[in-house]
Amino acid sequence: MSNLFSGINARFRGQRSPNSPGPEQQHAQSPVPPPEIQTPTSTTTSVKLPPLPTSPSLAETIGMDQSSGMIPTADEVLTSYHLPPVKPLWLNCNYAKHIVKGNFLTLSAKPKTVEMGEWVAHQVVDHWRMLVTFIRLVHDKEEDGTSICNSRRCPKMSAGANHSFTWLNSRLQPVEIPAYEYLTLVQRYISGKIDDNNIFPCDPSGVSYADNPAFCTPLPESGQEWIGKRSGFPQNFMETCQTIFRQMFRVYAHLYWSHFDDLFALNLEKSMNSCFSHFILTATTLNLLKKADLEPMQPLIDLWAALGTFPQGSKAFEVANLAVGQLLVQKAGGPPQS
Ligand SMILES: [Zn+2]
C-alpha cells in the first residue's frame, strides 16, 4: 500500500502549478470552528457532530415490525436504502474492484507484540495519509482558481440525497456548509489532532509493547485503565480516534456519492476502493465506527461482503447485509470479470 499513491501524486503534481496556493491559506479565517473546541463536555462523541434529522437510522428506514419480529426481505431492505433510480456507478460490480487481490484483514489485525494504543494511532495516521491524497484531488484549486469540489456543485456536505453532514458553528448549532468548506475544516481538524503531541505523543522512549504471555508475565494493572495508557496516550484517546474516523468516513462517503466519476476519469476508482475497503475493515475491527455511522455506504458494504472483499469472520462482514449484496450482484448480471 505504501507505493499506492506514487502514481496518484505524480498525476496530481502534473495538474498543478507549483505556485498555486493551498486551501489552508485561502480559508485561514473560517467562521466555523472545529467541533470539539466549541463543544461542552459530553459523554458521547455523536453529540459533537450530530447528523441532520433527515438522516433516519437504518432500523427506522427498513420498517422492521418490532412486534411481529418480521425480517424484511433483501428486496425490501434494498428499497429502504432509497437509492436513486439510476444506481451509483460504484454499486456496479465492475466498478467496485480493487487494485490488489488478497485479504485486507491481515493489514488490520494488530501484531501480537504491539500495544493497542500504538496500533490505533498507526491506523489513524496511515488511513489519513491515504485519504488526504484523494481529498486534494477534488479540493485543491487549479491554475484557473477552480476546484472539482466547489460550492456550486456541492452546496452541502452530502452523501447522496438521503444524507448530509453538519458542522457546529460558534453558537454550537449544527449548520450545513458547502462540501468544499467542510473539507477545508476537516483537514485542519484532523491534522491538528494528529500533530498535537498531547494526543499523539511521538517520543519513541514512551513506546510500550503488548504483554506476550509466551515471553513474560503480564504486569498487574493498577488504577484506571484505558487503551494507550501505557504508551502515554490520553484517557480520551479512543474517543478522539473514533471522532477522526467518523469524519474520515464522511469524507469517503462524499467522495463516493459526489466525485466517483471524477476519480473514475482519473483511473483512480480501484485505488479508492482499495483504500476504503481497508478503512472499513480497520474501523470495524478496532471499533472505531458503529454500524449506524456506516449507513450512507451500507449498499457498498453489502456488495463487498457478497463479492468476498470482506471475508467471513470479519466484523465488516458481520455488519453487512449479505442477501442485499447478493441481490446487487444479481442485478448487475453476476460477479465482475477478473
Ligand atoms: Zn464535493
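## Buried, and what it means here

A residue counts as buried when its relative accessible area is under 20%. Keep that cut-off in mind as we walk through this predicted model, starting with a helix and then moving on to a metal site.

## Helix α10

Helix α10 runs over residues 269-285, which gives it 17 residues. Most of this helix is covered, with 15 of the 17 residues buried. From its first C-alpha to its last, α10 reaches 24 Å, close to the 24 Å expected at 1.5 Å a residue.

What happens to the backbone just after α10? There, Asn287 takes a positive phi of about 55°.

## The zinc site

Now to the metal. Two cysteines and two histidines coordinate the zinc ion: Cys149 and Cys154 through SG, and His254 and His259 through NE2. The distances are 2.1 to 2.3 Å. Along the chain, these donors follow the spacing C-x4-C-x99-H-x4-H.

Why is the arrangement called tetrahedral? The four donor atoms subtend angles of 103 to 114° around the zinc ion, and this makes the arrangement tetrahedral. For reference, the ideal angle for four tetrahedral donors is 109.5 degrees.

## What the UniProt record says

The UniProt entry, which is unreviewed, places the feature "binding site" at Cys149, Cys154, His254 and His259. These residues are spread over 111 residues of sequence, yet they cluster in space, with a largest C-alpha distance of 10.0 Å.

## The two cysteines

Where in the fold does Cys149 lie? You will find Cys149 in the loop between α7 (116-139) and β1 (167-168). Cys154 also lies in the loop between α7 and β1. Cys149 has 0% relative accessibility, so this residue counts as buried. Cys154 is buried too, because its relative accessible area is 4%.

Leaving aside neighbours within four places in sequence, Cys149 is in contact with Val138, Cys154, Ala179, Tyr180, Leu183, His254 and His259. On the same basis, the contacts of Cys154 are Cys149, Pro178, Ala179, His254, Ser258 and His259.

## The two histidines

Are the histidine ligands buried or exposed? His254 is buried, since its relative accessible area is 1%. His259 is buried as well, because its relative accessibility is 0%. Both histidines are also in contact with Cys149, and both are in contact with Cys154.

Terms used. Residues are numbered from 1 along each chain as its sequence is written. This is a predicted model: local features need pLDDT of at least 70, side-chain atom pairs count only at pLDDT 80 or more; totals for chains, interfaces and linings use all residues. Side-chain values use heavy atoms; hydrogens and water are left out. Donors are N, O and S atoms within 2.8 Å of the metal (3.2 Å for Na, K and Ca); water is not among the atoms, so sites may look incomplete. Four donors count as tetrahedral if all angles lie between 85 and 135 degrees; four count as square planar and six as octahedral if opposite donors are over 155 degrees apart and all others between 65 and 115; anything else is irregular. Buried means under 20% relative accessible area, exposed over 50%, partly exposed in between (1.4 Å probe, protein chains only). UniProt positions are given in the numbering used here, feature names are shortened, and annotations may be inferred rather than shown by experiment. Helices (H or I, at least four residues) and strands (E, at least two) are DSSP runs, numbered from the N terminus. Contact means heavy atoms within 4.5 Å. The expected span of a helix is 1.5 Å times one less than its number of residues.
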